[in-house]
Amino acid sequence: MPGTNEAVKAITAVAVDSFRGTPDPRLRELLQGLVRHLHGYVRELRPTIQEWEYAVEYLTVVGQKCDPTRQ
């Protein structure tokens, strides 16, 4: 991820803060944690655009296979 460490931290902080208005405290905590971990994942593994698109496509397909009794 290009940019200074401060800029990268600022981007993550803005994304985490975007959930500050989430009414349910636990849901807010879960979403903010997810954002922090996903940003850390990208910083650590530095996926290419193609790799990231594949990962998102994979998760989309998994989500589409879910139903009320199977996830």
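Here are three short exercises on the protein chain above, each with a worked solution.

This is a predicted model, in which local features need pLDDT of at least 70, side-chain atom pairs count only at pLDDT 80 or more, and totals for chains, interfaces and linings use all residues. Residues are numbered from 1 along each chain as its sequence is written, and side-chain values use heavy atoms, with hydrogens and water left out.

**Exercise 1.** Find which secondary structure the protein chain contains.

Solution. Start with the terms: helices (H or I, at least four residues) and strands (E, at least two) are DSSP runs, numbered from the N terminus. The protein chain has three helices and zero strands. Along the sequence, that reads α-α-α.

**Exercise 2.** Set the radius of gyration of the protein chain against that of a compact globule of 71 residues.

Solution. First, the rule: the radius is taken over C-alpha atoms, and the globule value is 2.2 Å times the number of residues to the power 0.38. For 71 residues this gives a value near 11 Å, but the protein chain has 15 Å. Next, look at the box filled by the C-alpha atoms: roughly 45 × 35 × 15 Å along the principal axes.

**Exercise 3.** Work out where the buried residues of H2 sit around its axis.

Solution. Buried means under 20% relative accessible area, exposed over 50%, partly exposed in between (1.4 Å probe, protein chains only). In H2, the buried residues are Gln32, Gly33, Val35 and His39. They lie on the same side of H2, because they cover an arc of only 155° around the axis, taken from the directions from the helix axis to the C-beta atoms. On the other side of H2, you will find His37, Glu44 and Leu45 exposed.
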